[in-house]
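Colleague: I'm new to this structure and would love a close look at one part of it. Could you pick a single spot and walk me through its surroundings?

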Amino acid sequence: GLSVALQTQVNGAQQIVGAELLARWTHPTLGSVAPSQFIPLAEQSNLINPLGDWMLTQACLLSVQLKARGHGFPLSVNISARQFRQPDFEARLQAILLAHGVAPDALMLEITESLTMTDQGDTIASMGRLVGLGFRFSMDDFGTGYSSLSYLKRLPLHELKIDRSF
């Protein structure tokens, strides 16, 4: 079945300042299946949208639990290009947060550099609308593609994760 693992983010004083939700899949006969195997399959089969919604829901549930325990750091959730490009993505995202009473700033929407390279105008406009609602964006794996520092100025990013290869 599907489960969620957390990868914490710490500052220089080793205090937790955030965490990223990572999807994990344990198959009944195959055992643990690597995300590098099942995420591309989910993308190809269009299961990425329900998987993405499930991850957003898990992030909301976990955010509520953490807040109740006095922890207020944001949770990062990977958003696939296919999920982001769905015409109803913004509405579904807002509905999931509303259903769980979670504020947009409780999440960090993590995108890849490649997502921003296609339909740049639409992508920037969608990101801008979501930032206007209180959402925040992180770019993962910067340096694996286009890697334009000047282009980054056009994007409403709150966090940049630079790939080791850069």
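Modeller: Happy to! Let's take Val 77: its relative accessible area is 1%, and because buried means under 20%, Val 77 counts as buried. Do keep in mind that this is a predicted model.

Where does Val 77 sit along the chain? Its place is in strand β4, which covers residues 75-78. Strand β4 has a partner, β5: the two run parallel and are joined by 4 bridges. For Val 77 itself, the bridge partner in β5 is Leu 109. Strand β5 spans residues 107-112 and is mostly covered, with 5 of its 6 residues buried.

Now look at what surrounds Val 77 in space. Setting aside neighbours within four places in sequence, Val 77 is in contact with Met 108, Leu 109 and Glu 110, and also with Met 55, Leu 56 and Ala 59. Leu 109 therefore turns up twice, as a residue in contact with Val 77 and as its bridge partner, a pairing of β4 with β5. Met 108 is a nice one to find on your screen: it is 31 residues from Val 77 along the chain, yet the C-alpha atoms of the two are separated by 6.3 Å.

So, to gather the picture of this spot: Val 77 is buried, it belongs to strand β4, and β4 runs parallel to the mostly covered strand β5.

Note on methods. Residues numbered from 1 in each chain as written. Predicted model: local features only at pLDDT ≥ 70, side-chain atom pairs only at ≥ 80, totals over all residues. Heavy atoms only, no water. Buried < 20%, exposed > 50% of the residue type's maximum accessible area, 1.4 Å probe, protein only. Contact = heavy atoms within 4.5 Å. Pairing = 2+ DSSP bridges.
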